[in-house]
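Visitor: I would like to learn how to read a structure of this kind, feature by feature. Could you take me through it slowly?

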Amino acid sequence: MKYILMMTGTKAGVEGYKSWSEKDIQAHFAFLMALNEDLTESGEFVANEGLAMPHQAKVVRAGTDGLPITDGVFPEAKEFLLGYWIVDVESAARAYEIAARLSAGPGPGGVNLSMPIEVRQIMTGRRDEPQ
Amino acid sequence: MSDPTPQPACESLLRDHAPHVLGALVRRFREFDAAEDAVQEALLAAATQWPLQGVPENPRGWLIQVASRRMTDRIRAETARRRRETAAALETEPAVAADLGVDTEEDDTLILLFMCCHPSLTASSAIALTLRALGGLTTAEIARAFLVPEATMAQRISRAKQKIKASGLGFQVPTAGERAQRLASVLHVLYLIFNEGYVASSGPQLQRIELSAEAIRLTRLLRRSAPEDAEITGLLALMLMTDSRRAARTGPHDELIALAHQDRSLWDRSEIAEGIALLTAALAKGSIGIYQLQAAIAAVHAEAPRAEDSDWPQILALYTLLKRISDNPMVALNHAIACAMVHGPAAGLELLDRLDAGGALRGHHRLDATRAHLLEMVGDGPAAIAYYRIAADRTESLPERTYLLSQAARLSEAAAGSRGGA
């Protein structure tokens with residue numbers, strides 16, 4: 001079963017990250033790398049991407065002419081997607097366990113950040129014959 | 001220099017022999033990884049030499065001999081290395097198997113399958129290992145079929161091997177007492193591989209259809225090694241008859257089409273004919289099992305020229321038998337459907353209530369979808385719509401969600417139409 005684990009952060013958190021100490025930044029990066037290594041080793045890793053800082057993020061809508069209308073979102077939005085993991089696991093419980101580990105990544109001074117991780121199951125393309 | 005890429009005929013010959021050769025080596029040397037390497041080297045040697053010098057009279061014997069020679073060299077080198085490292089002169093000589101012929105009573109393919117479908121493995125590990133060891137698929141191909149990165153799949157396969165080794169009973173041939181149980185898990189893994197391919201969507205996942213073909217090929221291989229086993233034959237029959245419906249089960253926009261609405265002229269008649277012949281042979285042996293029964297149900301469907309000609313009393317009788325020997329909740333669900341077709345939807349709904357109370361299927365979308373279908377048969381449109389939507393909320397499958405929402409939409413549009421018309 002595949003799950004996506006979405007790491008979100010607040011505007012304050014995103015701004016605060018810029019003033020982390022070098023040691024804290026490196027510790028957090030090492031934590032993420034170790035997680036990916038463990039997931040590959042356990043045969044559960046599918047994908048992981050980190051997203052660029054949300055300052056330049058745009059929301060795009062098509063106008064009546066079909067052309068894009070873009071809005072900056074950083075000033076208004078409270079929460080941002082920071083990155084995601086896709087894992088292929090035996091159970092939902094295992095996906096939650098990985099999410100909890102992700103959530104407990106080290107922040108300033110090595111303190112557990114307890115970040116919110118949204119866990120969603122990815123739909124399959126299974127085509128069982130309907131009755 | 002000749003091109004080492006094997007000719008198509010030579011390649012399929014090698015693919016057929018590879019599992020036997022690997023099985024023989026694993027059985028003698030009990031070293032999976034090293035045996036796999038040695039078999040790869042032997043296959044490469046064959047692919048370069050056979051097109052030039054001709055295929056040897058006994059190709060399998062040739063491959064086993066070359067592979068075991070490589071294996072023996074490897075063990076000797078390894079032992080020598082260990083001697084140098086530890087200076088332990090008491091190291092025993094490796095057993096050199098000079099008699100590696102094809103004279104084994106228990107077929108090596110079966111032994112290899114018993115090992116790959118080891119009870120200590122999860123289903124997904126057993127599937128990966130079986131495809132790697134017997135399927136002749138590369139790790140990259142298996143990874144693509146399951147939509148995971150190659151490194152992840154490589155790790156799964158390697159962990160599976162370690163687990164078998166750690167369990168300590170990896171390479172033993174099961175005793176007569178264990179055999180039936182171990183064979184059941186082998187058949188289950190083959191069935192899962194088939195199903196992975198069968199239920200996969202087309203388009204970007206087209207690769208996965210190869211999984212069904214591979215499962216059928218492996219089941220044929222297994223059947224050759226134990227032709228008297230009625231359940232192996234039954235499984236092959238079931239796969240063929242299920243596969244025969246492949247072209248009919250999706251529409252032009254990839255939408256799911258229920259059995260009752262499929263264009264039966266699209267069913268593959270040759271697969272059906274072979275499946276029925278196999279099933280007839282299996283049933284004559286007298287020991288009935290879950291695969292023969294499911295194949296028998298598939299055969300009853302296959303024999304009906306139109307959905308409304310289906311012999312539902314016979315299907316119900318077969319599901320009643322199947323329910324007695326299988327505790328799979330899906331069997332109970334299908335039994336309820338068959339009961340509804342014979343005794344009316346109210347009887348089916350009553351069985352569904354009992355299943356819901358029973359717990360194994362509580363919250364499963366298939367139960368809700370079946371309830372919706374039977375409620376529609378009873379004529380309770382609003383309740384049917386509600387249950388189709390509950391099922392759509394619960395399914396993990398995108399094509400199925402689309403199908404269930406379409407059913408709900410069809411019923412609500414019909415209701416709106418009749419209100420508008422009245």
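Visitor: Among contacts in chain A between residues at least 6 apart in sequence, what percentage join residues at least 24 apart?

Guide: Please keep in mind throughout that this is a predicted model. In chain A, 70% of the contacts between residues at least 6 apart in sequence join residues at least 24 apart. For chain B, the share of such contacts that comes from residues 24 or more positions apart is 59%.

Visitor: How many helices and strands does chain A have, and in what pattern do they follow along the sequence?

Guide: Chain A has three helices and six strands, and along the sequence they follow the pattern β-α-α-β-β-β-β-α-β. The radius of gyration of this chain is 18 Å, well over the 14 Å that the globule rule gives for 131 residues, so chain A is more spread out than a compact globule. Taken along the principal axes, its C-alpha atoms fill a box of roughly 55 × 50 × 20 Å, and buried residues make up 16% of the 131 residues.

Visitor: How should I read the sheet, and which strands stand at its edges?

Guide: As a general idea, strands of a sheet pair through backbone hydrogen bonds, either parallel or antiparallel. In chain A, an open sheet of four strands has the order β2-β5-β1-β6, with antiparallel pairing. The edges are formed by β2 (45-50) and β6 (117-121) of chain A, each of which has a single partner strand, so one side of each is left without a neighbour in the sheet. From one strand to the next, the twist averages 20°.

Visitor: Which residues stand opposite each other where β1 of chain A pairs with β5 and β6?

Guide: Strand β1 (residues 2-10) and strand β5 (residues 79-88) of chain A run antiparallel and are joined by nine bridges. Within β5(A), Glu79(A) is opposite Thr10(A), while Leu81(A) is opposite Thr8(A). Five bridges join β1(A) to β6(A), again with the strands running antiparallel, and the bridge partner of Met7(A) in β6(A) is Ile117(A).

Visitor: What is the phi of Ser114(A), and is this residue buried or exposed?

Guide: The general idea is that most residues other than glycine have a negative phi, and most peptide bonds are trans. Ser114(A), however, has a positive phi near 50° although it is a residue other than glycine, and its place is the loop between α3 (92-103) and β6 of chain A. Because it has 11 C-beta neighbours inside 10 Å, Ser114(A) counts as exposed. In chain B, Leu147(B) is likewise not a glycine and has a positive phi of about 55°; this residue lies in the loop between α6 (139-145) and α7 of chain B, and with 19 other C-beta atoms within 10 Å it is partly exposed.

Visitor: How many helices and strands are there in chain B, and how many of its residues, as a percentage, count as buried?

Guide: Chain B has 18 helices and zero strands, and 40% of its 422 residues count as buried. A residue to look at in this chain is Thr48(B), which is placed in helix α2 (residues 32-53) and counts as partly exposed because it has 16 C-beta neighbours inside 10 Å. The C-alpha atoms of Thr48(B) and Cys117(B) are separated by 33 Å, the two residues being 69 residues apart along the chain.

Visitor: How far apart are the end C-alpha atoms of helix α14 of chain B, and which helices do its buried residues pack against?

Guide: At 1.5 Å a residue, the 15 residues of helix α14 (residues 329-343) of chain B should span 21 Å, and the end C-alpha atoms are 21 Å apart, which agrees. Its buried residues include Leu333(B), His335(B), Ile337(B) and Cys339(B), and the buried residues of α14(B) pack against α13 (312-325), α15 (345-358) and α16 (365-378) of chain B. After the helix comes Gly344(B), with a positive phi near 100°.

Visitor: How many residues does each chain give to the contact, and which element of chain B gives the most?

Guide: In general, the size of an interface is often given as the accessible area lost when the parts come together. Here the contact is described by residues, with 26 from chain B and 17 from chain A. On the side of chain B that touches chain A, the elements that give two or more residues are α7 (150-167), α16 and α18 (398-421) of chain B, and α7(B) gives the most, with five residues. By class, that side of chain B has twelve nonpolar, nine polar and five charged residues.

Note on methods. Residues numbered from 1 in each chain as written. Chains lettered and ligands numbered in written order. Predicted model: local features only at pLDDT ≥ 70, side-chain atom pairs only at ≥ 80, totals over all residues. Rg over C-alpha atoms; globule rule 2.2 N^0.38 Å. Buried ≥ 20, exposed ≤ 12 C-beta atoms within 10 Å, placed from the backbone. Contact = placed C-beta atoms within 7 Å. Pairing = 2+ DSSP bridges. Axes fitted to C-alpha atoms, helices over the stretch in contact; angles between N-to-C directions. Expected span 1.5 Å × (residues − 1). Nonpolar A, V, L, I, M, F, W, Y, C, P; charged D, E, K, R; others polar.
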